[in-house]
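Here are my notes on the model you sent round. They are set out as numbered points, to be read beside the structure.

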Amino acid sequence: LHSASQSELITSTESCFRHLHSLLPDDFLNIITLDLHDDLKEMLDSNKDSLKLEAMKRIVAMIARGKNASDLFPAVVKNVACKNIEVKKLVYVYLVRYAEEQQDLALLSISTFQRGLKDPNQLIRASALRVLSSIRVTIIVPIMMLAIKEAASDMSPYVRKTAAHAIPKLYSLDPEQKDQLIEVIEKLLADKTTLVAGSVVMAFEEVCPERIDLIHKNYRKLCNLLIDVEEWGQVVIINMLTRYARTQFLNPNINGGEKAFYEKKAEAAALAKRKPYVMDPDHRLLLRNTKPLLQSRNAAVVMAVAQLYFHLAPKAEVGVIAKALVRLMRSHSEVQYVVLQNVATMTIKRRGMFEPYLKSFYIRSTDPTQIKILKLEVLTNLANETNISTILREFQTYIKSMDKDFVAATIQAIGRCATNIGEVRDTCLNGLVQLLSNRDELVVAESVVVIKKLLQMQPEQHSDIIKHMAKLTDNIQVPMARASILWLIGEYCEHVPKIAPDVLRKMAKTFTNEEDIVKLQIINLAAKLYLTNSKQTKLLTQYVLNLAKYDQNYDIRDRARFIRQLIVPTDKSGALSKYAKKLFLALKPAPVLESPFKDRDHFQLGSLSHLLNAKAGGYQELPDWPESAPDPSVRNVEVKDSVRAGGTVTLRGRALGLSEESGSGSESEESEEESESEEEEEEEEDEEEERAKKKKKVDKSKPKKPESAESDQSSGEEQKRIRKGGKDRRSGTESESEDESESESSESESESEEESESDTDIKKKKKPTPSPQVTPVNSFLSNSLVTDLEGLSLTDTVLTIAPSSSVRLYELLHRITGEGLAVEYCFSRQPFSPDPHMVAVQIQFTNNTTSEAKSLHIEEPKLQSGMRIKEFPEIEVLPAGESVNVVMGIDFCDSTQAANFQLCTHIRKFFVSIQPPVGELMTPAFLTENEFKKEQGQLMGMNEISEKLTLGEKCQSEHVIVERVTSTANLSRVPCGSDKESRFAGKTVSSGSLVLVTVTRKDGAGALLTVNCEKMVIGTMLVKDILQALTQ
Amino acid sequence: MIHSLFLINNAGDIFLEKHWKSVISRSVCDYFFEAQDKAGEPDNVSPVIRTPHHYLINIYREKIFFVSVIQTEVPPLFVIEFLHRVAEMFQDYFGECSEVAIKDNVVIVYELLEEMLDNGFPLATESNILKELIKPPTILRSMVNTITGSSNVGETLPTGQLSTIPWRRAGVKYTNNEAYFDVVEEIDAILDKSGTTVFAEIQGVIDACVKLSGMPDLTLSFMNPRLLDDVSFHPCVRFKRWESERVLSFIPPDGNFRLMSYHVNAQNLVAIPVYVRQNINFFETGSSGRVDITVGPKQTMGKTVENVIVTIHMPKVVLSANLTATQGTYTYDPVTKILVWDIGKLNQQKLPNLKGSLSLQSGAPKPEENPSLNIDLKIQQLAISGLKVNRLDMYVEKYKPFKGVKYVTKAGKFQVLTVPSHV
């Protein structure tokens, strides 16, 4: 009863106190709080947990408000071992806040934490370490070090995570511990749990970001874990790996594609000696494993992936990030602000990427000004010849905005568009001149400044505009604008010989009342006129110079003195005055109007430093690509038996983690993890094996062998896991991975036949990443050693080929008939840039002889009428054993007639011919559903061919149909509201006739194929080809 | 990473501070106040402010500035995203993220902040984990606590943090197992005077409320997944399944969460549910203006359009409005110059109309800019994109849950221009 009344008393005093709080000023309140602290001390000393708790709550509330509660330290610390969890937690909060100020007293609590570190419960161990490491007291550094080391080899991953968090804390307290801490980091980097990965990379970044060598062995693991790491860890890991990749891999854009071959011959020879660029499989692994994270809900993760792609991906692949970044623009305005800054930088280098999203950057009247200005920047960067008229019309509406800062920025933007795009310069100029009669002075002033810059580019054509502007001096008051007008008139006084002196006359009258910048320009105008037209302006000039001589501003006095000496020849004036005319009326280069975001990309995108355009503390430079790639074998991992206590590793981690019960029973969890880590190691072993094989230069068909071994292991593994009691959930997971494998394998259609079903299935269960696709792309390159690597990274390793997985290869010249020279070609489905009416054909030469082949080129094309060929540039030297890729263009005139020509080396000539499948004669066309229907309606009757068919067994799903059709013909998908229909559209390359394909599925395996095309021959042949592809 | 956090209200009072490393004096906020003064509107305060020794990264939400102090390089979005997560957590815990709620629950706020960051690096940001660590306040619990002295802090230690699915706690039990999904779509559009669409797109989200026992594994499939052009997911959704089969497969968090956000393919034509006929004119003589607005349903798929509100930002010179509305009520705030016409339900037979005159400041020139209309509306039981959930399957658990899907369409940034457009 006593205690109850006491607590009642306390609550009543408290409410009383709160009441006072609202009435009294702060100073007075502090006196009272001091008194009240005695109460708190009393409460903390009592036996009742409820009292202690109440006291601690009030103390924490004080801390939160920023009030000083340090005098309570002794009373609070006593409770560090309190049984009540909430009291204990609040004591921790207090301790961490004040320990630094009361170091001696803080030491009293250390033993409690040391005890906690030995507790059997992992969560207590973790929390003890967390608080211990947060107390910033230098004396306990050795204790902390010991605790961290111990925790780093703790059984529980959660404690290890806490250890990783503690590392930067200790480092900031005592940087001398760095070496020892690096050892711990190295150890934790080897950890295989997702829980630890993010935290340890964070520690790495804070303590030793320069030790890139620590990452090698963990690189592949980090890539594979990434998708299961928590969001914040993902950001840190991705940013670190971006830097890592910049030091270890080659620039994928440096000699990619045919570009190099159009350069000077000497260079071409040098390049030919260099091996063709092949992406390191580890580089590919990183790109592939980060891509799905573009779908993350976390803006920071999306941005991290976007910057990774921007800095690391081949040009052709960077485009995928645009959509995700545009999505972020719909988020909070702060997110928009940061994203737009980064987009602005990206648009300077990679404009094409964001062009399809132009409208997403249109400005709304409700946008905050800072967002408007950034969007304007992006729109300006995106402007080009084709879209400029739309953008300018959009700008016109912005000028009517009530937000004047924004209007000024718009006028600047118009100026920039005008300088960048010659075609619209006059239009822009006219538009700006119209703005000169705007009622708002700010608008007029800004226009004047911009017009001045534009006129400098071609003044002779625009004397009427200069006249118009001369008139404005009567009305316009904004100093910057007045100064600009005066400068213009002075500079081009010869174009307006009658008006210029008059303007000077007026300005001389008002000289004393002008702003300084205007005064300077009046002096300039006077000087220039004196030099060109001294008869009329001599007196005026002298008058102005006299006024300036006695001006209050010394700059103006200086200028006047200087100019007088120069232009008015006296006995004393030296040789310089002879050159006065040259000095003043020299041709001045037109100003370059540049984006403020130019060259910002030397900062890593998404970083604080990029946003500020200045290095922030702790920023790690993004290294330049190396000239030649460092040894990739450093990333190979040896099998270690010692590290067993791992965690979930693969994508399935998410599904598997399910069976873990409560955390307190950590044992069951541990064993689960163990079995998985075993599996992981085996996986690595396989990788090893494959790598070893590669070194022995085993033939390309080799992946079969290790795979079957693998499947044995993994099926055993599978059984083990099922025994562990996963039950139906397990089967759910498996079916998932099976489905994946099916769809993936169907992507590379040629593969499914080669590999037995069961083989692929099991393998897929083991590896979450797409299967090794034995696509022709790879056999194409089989003689290139580097690509012949482990399954993980076999896909699209070659840049010069479109990312489409279904490129089919044709032989042009067999190795035997070619006497050692083998030539193969494929239709890369890339647009052929020199001539859009040509089909791009990619040709690979491989020299299998022991001597060099020289001057490979094309001669005597024999073509059907109308057909044309754009030959590839001559290959001067092809060393023995090397291969090289080139691209040539052929206009087939929309027919499947072969193109015949001779392929010549320095000694031999071979007759060859290229005959295109009908599907390669078209390029994708992007239509909307409505456009499609409309176009289809116009291609009826003779132009429509329909055929009923029965879909092949493996070809029932929509996904496969799409795969098959698009691999047969170079068409693009057209969106469609119905599930049963798939639509595709394209245009013939040569004449641009539309080709529309519809596949409608009926019940069962029945389907209807419809092709609409103006060119009936093409239509008929296409029907035949697609029919074949779908019925197989 | 994040060094300290200050919460500041609109009046410029710092009402909460929290430090994760050594203490930084609150005087650092002076730089923020300076920037705030310069910006005028809270929206215009730069999210990143540079000071001689620190960087301030801030967000503005629910009339509170969350100002964090940074000392070294860190991705700005990392901090911004985290601060928003903090605001959302307050919302989740206290039902609102306001100064009053934060002050009333200052101890819980402090405990939350303590758990969310360790040494400035995010530790636990999943609501499910935090709720196990720190129980949200309820009236009943706070009463019991004051009487018995028991605590808000969970006695059992959290399990989620240890598992690979940190978003779900173990041992969830419900007597009624239910899973509800709300498909909410917003139309962002700009229409010109003649009603032509300048720009239109649909953003959607699927919010879920899942109260299921145990560890259910759910699969949600759509009738027409191809409509979805761009998607982003809660971390629980398996990317691979989506990529290959276009289904959402996930182990749900317990309670309310946003399952996915999506953007509907821009190539599909967006149905515009209302049309607006409007005339807003200003006259040079007599300093007056005229307003005549009619709103009617357009492509509504047979559903009723509700909660229609028209908002117009008038030019500064408009002093007052004298209008008559045939339906609903209108207000004109002469200080903010905002005209709001709350129409309510749209009636096909009798189209609502707002008509009358505006009086302008005498002597002032006729305003040059043309105000634009912002439209708000709501349509129940309709996802305007046509997106339809096909089915929801549950694996692992044996019981039969109640399932439900609700569709709502709203106006997002829906703007009608009063000038003819150029497109």
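**Notes on chain A and its contact with chain B**

1. Asp280(A) caps the N-terminal end of α16(A), with a side-chain oxygen 2.7 Å from the backbone nitrogen of Asp282(A). Bear in mind throughout that this is a predicted model.

2. The helix that follows this cap, α16 of chain A, spans residues 281-290 and is mostly covered, since ten of its ten residues count as buried. Charged side chains are part of that list: Asp282(A), Arg284(A) and Arg288(A) are buried, and charged here refers to Asp, Glu, Lys and Arg. Also buried in α16(A) are Leu285(A), Leu286(A) and Leu287(A), as well as Pro281(A), His283(A), Asn289(A) and Thr290(A).

3. Gln177(A) sits in a loop of chain A, between α10 (157-173) and α11 (178-189). Is Gln177(A) buried or exposed? Its relative accessible area is 15%, and the cut-off for buried is under 20%, so Gln177(A) is buried. Leaving aside residues up to four places away in sequence, Gln177(A) touches Val141(A) and Met145(A).

4. For chain A as a whole, the model has 44 helices and 15 strands. Of the 1032 residues in chain A, 58% are buried. The accessible surface of chain A is about 44000 Å², and carbon and sulfur atoms account for 52% of this surface.

5. Contacts in chain A often link parts of the sequence that are well separated: taking contacts between residues at least 6 apart, 68% join residues at least 24 apart.

6. The size of an interface is often given as the accessible area lost when the parts come together. For chain B and chain A that buried area is about 10200 Å², with 57% of it on carbon and sulfur atoms. Chain B contributes 114 residues to the contact and chain A contributes 119 residues.

7. How many salt bridges does the rule find across the interface of chain B and chain A? The rule finds nine. One salt bridge joins the side chains of Glu126(B) and Arg297(A), at 3.1 Å from N to O. Between chain B and chain A, 31 residue pairs are in polar contact, counting pairs with both residues at pLDDT 80 or more.

8. On the side of chain B that touches chain A, helix α2 (residues 76-94) of chain B supplies the largest share, nine residues. By residue class, that side of chain B has 51 nonpolar, 32 polar and 31 charged residues.

Methods: Residues numbered from 1 in each chain as written. Chains lettered and ligands numbered in written order. Predicted model: local features only at pLDDT ≥ 70, side-chain atom pairs only at ≥ 80, totals over all residues. Heavy atoms only, no water. Contact = heavy atoms within 4.5 Å. Buried area = accessible area lost by both parts, 1.4 Å probe. Salt bridge = Lys/Arg side-chain N within 4 Å of Asp/Glu carboxyl O. Polar contact = N/O pair within 3.5 Å; in protein donor to acceptor, adjacent residues only side chain to side chain. Helix = DSSP H or I, 4+ residues; strand = E, 2+ residues; numbered from the N terminus. Buried < 20%, exposed > 50% of the residue type's maximum accessible area, 1.4 Å probe, protein only. Areas by Shrake-Rupley, 256 points an atom, 1.4 Å probe, with all protein chains shown as cover.
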